[in-house]
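Got your viewer open? Here is a short tour: what to select, and what you will find once you get there.

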Amino acid sequence: MVNHNIKRIFDIVLSFVGLIFTIPIIFIAWIIASFETKSNGMFIQKRVGQNGKLFNVYKIKTMKQVDGIDTTITSANDVRITKSGKFFRDTKIDELPQLFNVLIGNMSFVGPRPDVEGYADKLQGEDRIILTIKPGITGPASLEYKNEEEILSKQEDPKWYNDNIIWPHKVKINKEYIKNWSLKKDIEYIIKTVTG
């Protein structure tokens, strides 16, 4: 099982160092996103965290509002994605503000991705083990589905496919991650994420 103390110390040190190097990038991306979306370029949304508690996740805004579209499921050909947003998503720059989430303690570097209400908070039985740890910026399920938006863009009903195929598989992957956790594996997941 996850050693929370070791994991937390690792998160604090790495997120602090990471922010020192990436704050200029975050600031520039925020300005670009603000101009292109004509709104605050920082995307703030309630997500489900450890023990089912809600928290604000921070990301660079990559989508604009389009009348008639309000789904939280995003595919690669989503018309809401801005030009800069596509670049930020491809390079993962949009995820950098989550280093603040890691530093303050409502996220970890590695773990299940934090979902909007209606997914992780609805888990039952053994699956609720996922809520015993903090959600992560990356993890085995994120790496398995790093091309998730492309996969969804090829589906006739992206939401159905996400809810019935991808989400259950992610739950299975995340349960195995928690049961077989090690700091060494966390470092390997981070390296795989950074190197693509």
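What follows goes from the whole chain to a handful of single residues.

**The whole chain**

Keep in mind that this is a predicted model. Start with a cartoon view and colour by secondary structure: you should find seven helices and four strands. Walking from the N terminus, the elements run α-β-β-α-α-β-β-α-α-α-α. The chain is as compact as a globular protein of its length, because its radius of gyration, 16 Å, is close to the 16 Å that the globule rule gives for 196 residues. If you like a box around things, the C-alpha trace spans about 45 × 40 × 30 Å along its principal axes.

Now switch on the surface. Its accessible area comes to about 11100 Å², with 59% belonging to carbon and sulfur atoms. Among the 196 residues, 44% count as buried. For the contacts, take those with a separation of 6 or more: residues 24 or more positions apart make up 67% of them. Colour by charge next, and you have 28 positive and 23 negative charges, whose mean positions are 4 Å apart.

**Stop one: K38**

Select K38, in the loop between α1 (4-37) and β1 (42-48). Check its backbone: phi is positive, about 55°, although K38 is not a glycine. Is K38 buried or exposed? With a relative accessible area of 76%, K38 is exposed.

**Stop two: T82**

Jump to the loop between β2 (54-60) and α2, where T82 sits. T82 counts as buried because its relative accessibility is 6%, under the 20% cut-off. Show what surrounds it: leaving out residues up to four places away in sequence, T82 touches E36, T37, T62, M63 and K64. Try a distance label too, from T82 to K61: C-alpha to C-alpha they are 9.0 Å apart, with their positions 21 residues apart in sequence. Before leaving, look along the chain to G85, whose backbone nitrogen lies 2.9 Å from a polar atom of the T82 side chain.

**Stop three: R89**

Next, pick helix α2 (residues 83-91) and find R89 in it. Which side chain does the side chain of R89 join through a polar contact of 2.9 Å? That partner is T62, a residue you met a moment ago as one that T82 touches. Expand the selection around R89: beyond its neighbours within four places in sequence, it is in contact with T62, M63, T74, I81, D94 and E149. Arginine or not, R89 is buried, at 16% relative accessible area.

**Stop four: K92**

Carry on to K92, in the loop between α2 and α3 (98-104). Here is another positive phi, about 70°, and K92 is not a glycine either. K92 is partly exposed, with a relative accessible area of 41%.

**Last stop: R128**

Finish in the loop between β3 (108-110) and β4 (136-138), which holds R128. How exposed is R128? Its relative accessible area of 37% makes R128 partly exposed. Not counting residues up to four places away in sequence, R128 touches D121 and L123. Zoom in on L123: its backbone oxygen lies 2.9 Å from a polar atom of the R128 side chain. One more label to draw is R128 to N51, which are 77 residues apart in sequence and 8.9 Å apart in space, C-alpha to C-alpha.

Notes. Residues numbered from 1 in each chain as written. Predicted model: local features only at pLDDT ≥ 70, side-chain atom pairs only at ≥ 80, totals over all residues. Heavy atoms only, no water. Helix = DSSP H or I, 4+ residues; strand = E, 2+ residues; numbered from the N terminus. Buried < 20%, exposed > 50% of the residue type's maximum accessible area, 1.4 Å probe, protein only. Polar contact = N/O pair within 3.5 Å; in protein donor to acceptor, adjacent residues only side chain to side chain. Contact = heavy atoms within 4.5 Å. Rg over C-alpha atoms; globule rule 2.2 N^0.38 Å. Areas by Shrake-Rupley, 256 points an atom, 1.4 Å probe, with all protein chains shown as cover. Lys, Arg positive; Asp, Glu negative; His and termini not counted. Charge placed at Lys NZ, Arg CZ, Asp CG, Glu CD.
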